[in-house]
Amino acid sequence: MSEAAKPNRPQFRNINIAQIVGYRLPLAGIISILHRISGLLMFLLLPFILFMLDKSLVSESSFDYFKGFTSGWFVKLVILALSWAYLHHFCAGIRHLVMDNHIGLSKESARKSAASVLIISLPLALIVALKLFGAF
């Protein structure tokens with residue numbers, strides 16, 4: 001085929017760092033990125049959580065110390081972030097397991113399942129936040 005007969009096809013190139021802000025990612029892509037971020041957050045904070053669990057189980061006085069330590073608003077925000085990470089990662093993980101079984105792979109159903117991850121995980125995180133900050 002000659003050069004003149006070839007159709008002009010669009011070229012898809014990798015975006016550079018300056019184009020990331022203007023790039024419009026679909027909801028399923030955002031959920032996928034949040035799934036990775038939440039997994040990384042849980043992985044990085046796991047040694048700290050296990051350390052706190054170990055020290056709080058040593059004696060009653062160490063438990064009271066960590067109970068007082070976790071009563072600060074900043075520590076509660078960290079606990080809330082970790083709780084959101086777990087809830088989001090769990091919901092998105094179920095979505096990925098369902099999609100691994102070739103269910104919901106169409107564009108519309110993938111969009112709906114991505115929205116359902118947010119519809120389920122954000123209110124659950126809100127309930128945890130209300131309980132954590134003493135609303136009930």
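**Group meeting: helix α4 and its surroundings**

I shall begin with H102, which counts as exposed because its relative accessibility is 66%, above the 50% cut-off. The model I am presenting is a predicted one. H102 sits in the loop between α3 and α4. Its phi is positive, about 60°, although the residue is not a glycine.

From that loop we pass to helix α4 itself. This helix covers residues 107-132, and its 26 residues should span 38 Å at 1.5 Å a residue; the end C-alpha atoms lie 37 Å apart, so the two values agree. After α4 comes G134, and there too phi is positive, near 80°.

Which residues of α4 are buried? They are A110, S113, A114, V117, S121, A125 and A129. The partners against which these buried residues pack are α1, residues 27-56, and α3, residues 73-100.

Two of the buried residues, A114 and V117, reappear in the largest nonpolar core, which has five members: I31, C91, A92, A114 and V117. At least two residues of this core come from α3, and at least two from α4. Within the core, I would draw your attention to C91. When neighbours within four places in sequence are set aside, C91 contacts V117, I120 and S121. Of these, V117 and S121 are among the buried residues of α4.

I turn now to charged side chains. How many salt bridges does a search of the whole structure find? The search finds one. The pair is E108 and R111, with 2.9 Å between the closest N and O atoms. Both residues belong to α4 and are three residues apart, about one turn of the helix. In general, an α-helix has 3.6 residues a turn, so residues three or four places apart point the same way. As for solvent exposure, E108 is partly exposed because its relative accessible area is 43%. R111 is likewise partly exposed, at 41%.

Finally, the surface carries a nonpolar patch. It is formed by I15, I17, I20, Y23, L25, I30, I33 and I37, which together have about 750 Å² of accessible area. One of its members, I15, lies in the segment before α1. With a relative accessibility of 41%, I15 is classed as partly exposed.

To summarise, α4 has buried residues that pack against α1 and α3, and the same helix holds both partners of the salt bridge, E108 and R111. The nonpolar patch, with I15 among its residues, is found on the surface.

Methods: Residues numbered from 1 in each chain as written. Predicted model: local features only at pLDDT ≥ 70, side-chain atom pairs only at ≥ 80, totals over all residues. Heavy atoms only, no water. Helix = DSSP H or I, 4+ residues; strand = E, 2+ residues; numbered from the N terminus. Expected span 1.5 Å × (residues − 1). Buried < 20%, exposed > 50% of the residue type's maximum accessible area, 1.4 Å probe, protein only. Contact = heavy atoms within 4.5 Å. Patch = residues over 30% accessible without salt bridge, like charges linked within 9 Å, V, L, I, M, F, W, Y side chains within 5 Å. Areas by Shrake-Rupley, 256 points an atom, 1.4 Å probe, with all protein chains shown as cover. Salt bridge = Lys/Arg side-chain N within 4 Å of Asp/Glu carboxyl O. Core = buried A, V, L, I, M, F, W, Y, C linked by side-chain atoms within 4.5 Å.
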